[in-house]
Structures are given as C-alpha cells and as structure tokens.
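Trainee: Could you walk me through this one, please?

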Amino acid sequence: PLRLQAEVDARTKAINDRSKTLADFSPLVIVIDEYEEYVARMHDMWSAVDPKTGKPRRKTGERIPPPVAAMASVLRLARRLKVHVIIGTQRPDAAWFGGAARDCMECRIVVGSPSVEALRMAYGRSDVGRDLPVEAKGRFTYQSKDRDICEAQGWWVPDPADVDGTNK
C-alpha cells in the first residue's frame, strides 16, 4: 500500500501540475485478498517491539499503521486516477473503510447469505441479501455505481482440491 500510495500521489501531482493528463496513464488494477488478515498483521507488527532498537515501532500519537492508513488514502483518490482496487475479505469491518474511503468504493459484492452485521458494514443496511438460497452456489448481492443493491448469479467453480467431491 505504501508504494501504491506513492503511485497515486505521483499521478495526482502530474495531473495537478498539468505535466500529464489522465490519458497518459495506463489503468492499474490492484487485488488484495484476505484484507482482514492483512490489517490484523499490520496492527500486530505496528504494536510490536523493534528487535534492533528495543522500542515500540508505533510512533507517538499514531494509532493506525502507515500501510493501513495508506490504503484508505488510495481508496479516496484512486477512482479518478485509473487505479482500481479489488479487496476480498471474509467479513468487512466498517472501520477499515470509514468515511470517504468507503463511499469511493463504487461496487460492493457480498457472496452468499451473510450476517446482519456484515450487510450493515458492506451496504450500511441489513434488509438486503438475507434471503439468498443457500443451494444457489455463486449467488450474490452487489451495490452498483448508482447505489442500487441487486441480486445476481455468477459462475461458481468447485474447489479444485476437492477431487472426490466430498467438500460441499
């Protein structure tokens, strides 16, 4: 995320000082899977003691690890800079994507029948996506650019490691 933030900042600066236009940039697609695990590990690392100095890595007053803060910054700015971010997580936490970062996520997808809390975190409401049939593999709800929440059917591919078909 720190390198991604540097790229977003460089694109912003180039456009603002008119040395480049948006057409000069190639689209950039970033995929981050298991985001919850990433955030947890960043917080663990940030609160740990640096073995070289014997001091906590966290600087006074900084509660959020810099890579996690950088990701929020990227999400706020990326959309207008041809930078597209796909984040996969088992259960989103609204705290990760608060404020403008969350609002800049143009599409949100929830697969299966999630909990009420997960729906609130993803969509800000819990009255959608609760009645998807469990047997309909690949069924999901998504929030489109116009903020409508729709039900859709995608491809479902069984786990290729489940060669005998016992892991339903």
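Here is a short chat about helices, charges and surface.

Mentor: Sure! It's a predicted model, where local features need pLDDT of at least 70, side-chain atom pairs count only at pLDDT 80 or more, and totals for chains, interfaces and linings use all residues. Residues are numbered from 1 along each chain as its sequence is written, and side-chain values use heavy atoms, with hydrogens and water left out.

Trainee: At what angle do the axes of helix α1 and helix α3 cross?

Mentor: Two packed helices are described by the angle between their axes and the distance between the axes. Helices here are DSSP runs (H or I, at least four residues), numbered from the N terminus. Axes are lines fitted to C-alpha atoms, for helices over the stretch in contact, with angles from 0 to 180 degrees between N-to-C directions. For α1 (residues 2-16) and α3 (residues 66-77), the axes come within 8 Å and cross at roughly 35°.

Trainee: Which residue forms a salt bridge with E7?

Mentor: Side chains of opposite charge can pair when their charged atoms come close. A salt bridge means a side-chain nitrogen of Lys or Arg within 4 Å of a carboxyl oxygen of Asp or Glu. E7 and its partner sit four residues apart in helix α1, so about one helical turn separates them. With the closest N and O atoms 2.7 Å apart, that partner is R11.

Trainee: And how many salt bridges are there by this rule?

Mentor: E7 with R11 is a salt bridge. By this rule, the count is five.

Key. Helix = DSSP H or I, 4+ residues; strand = E, 2+ residues; numbered from the N terminus.
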